[in-house]
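Let's take a walk through this one, from the whole chain down to single side chains. Keep the viewer open as you read.

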Amino acid sequence: MGGNVSSLHLLTVQYINCPPAISLNLAKELDIYLKMDFIFKMSDEARKIFIDYLAGNRLSMTPQRKVIVETFLETEGHFSAEELLLLVQQKVPEIGLATVYRTLKLLIDSGLADNLDFGCGVALYEHSFGHAHHDHLICTRCDSKVEVLDEVIERKQEELARKNGYTLTRHRMILFGLCPECQDLEDD
């Protein structure tokens, strides 16, 4: 919270001392700060990783990024940028889709997020930091998704990589089929 107070104070001072044309943008940022009536609840570790990543790339934690990152970390499962935008706009309606996409890219680059292509034509996002590795089962009819982990398959993938001279750094397995509910529909 202390960081928010300092930033708010700085924005207020900048707003008061700026010419009208410049102060409009600062007024928007100040308005966003004032609408953020929630505490920035990112886990300390995730927050540090993201802030360190930003600092290492000479970027700052803007009010908009804070809201998007917090909302992202509060949201479990698989979701599109558009779905994240709707959640973000419940807190700060002025934030746009381009800002969400740019922040999602930063989250991916920092290792906090992963983007997935399940073949539906829309990129979906999920947490990667603080979540165990898993693979996915996707229903080709209803688009339901199940996260799965099988140690035997994991070991086999590592074995296949070694057998072919690779050192496995990461992998993604997505299996497509019909979920039990959709199979029941076919039987009827």
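Before any surface numbers, one bit of bookkeeping: accessible areas here come from the Shrake-Rupley method with a 1.4 Å probe. On that basis, the chain exposes about 11,700 Å², and carbon and sulfur atoms supply 55% of that area. Bear in mind that this is a predicted model. Of the 188 residues in the chain, 32% are buried.

Now for the layout. The secondary structure amounts to eight helices and five strands, and along the sequence they come in the order α-α-α-α-α-α-β-β-β-β-α-β-α. Take the contacts in the chain with a separation of 6 or more: residues 24 or more positions apart account for 54% of them.

What sits inside? In soluble globular proteins, nonpolar side chains tend to be buried together. Here the largest nonpolar core has 23 residues, and those with the most contacts inside it are Phe 50, Phe 72, Leu 84, Ile 95, Val 100, Leu 104 and Leu 107. Helices H3 (44-56), H4 (63-74), H5 (81-91) and H6 (97-109) each supply at least two residues of this core. To see how one member is placed, click on Leu 104: leaving aside residues up to four places away in sequence, Leu 104 touches Phe 72, Ala 81, Leu 84 and Tyr 125.

Thr 103 is also worth a look, and it is found in helix H6. Is Thr 103 buried or exposed? It counts as buried because its relative accessibility is 1%. With residues up to four places away in sequence set aside, Thr 103 touches Arg 65, Ile 68 and Val 69.

On to the charged pairs. A search of the whole structure finds four salt bridges, and three of them make good stops. In helix H3, Lys 48 and Asp 52 lie four residues apart, about one turn of the helix, and their side chains meet at 2.6 Å, N to O. Lys 48 counts as exposed at 52% relative accessibility, while Asp 52 is partly exposed at 41%. Helix H7 (residues 151-163) has a similar stop, with Lys 156 and Glu 159 three residues apart and a salt bridge of 3.3 Å, N to O.

The bridge between Lys 91 and Glu 74 has its closest N and O atoms 2.8 Å apart. This pair links distant parts of the chain, with Lys 91 in helix H5 and Glu 74 in helix H4, 17 residues apart. Lys 91 is partly exposed at 22%, and so is Glu 74 at 38%.

What about the cysteines? The structure holds zero disulfides. Cys 142 is in none, and the nearest cysteine sulfur, that of Cys 139, is 3.6 Å away. Cys 179 is unbonded because its sulfur is 3.7 Å from the closest cysteine sulfur, in Cys 182, which is too far for a bond. Cys 142 is partly exposed at 41% relative accessibility, whereas Cys 179 is buried at 11%.

Two last stops. Most residues other than glycine have a negative phi. Arg 58 has a positive phi of about 55 degrees although it is not a glycine; Arg 58 is found in the loop between H3 and H4 and is exposed, at 79% relative accessibility. Finally, Leu 137, Val 146 and Leu 175 make a nonpolar surface patch of about 220 Å². Val 146, in strand E4 (residues 145-148), is partly exposed, with a relative accessible area of 42%.

How values were computed. Residues numbered from 1 in each chain as written. Predicted model: local features only at pLDDT ≥ 70, side-chain atom pairs only at ≥ 80, totals over all residues. Heavy atoms only, no water. Patch = residues over 30% accessible without salt bridge, like charges linked within 9 Å, V, L, I, M, F, W, Y side chains within 5 Å. Buried < 20%, exposed > 50% of the residue type's maximum accessible area, 1.4 Å probe, protein only. Contact = heavy atoms within 4.5 Å. Core = buried A, V, L, I, M, F, W, Y, C linked by side-chain atoms within 4.5 Å. Disulfide = S-S within 2.5 Å.
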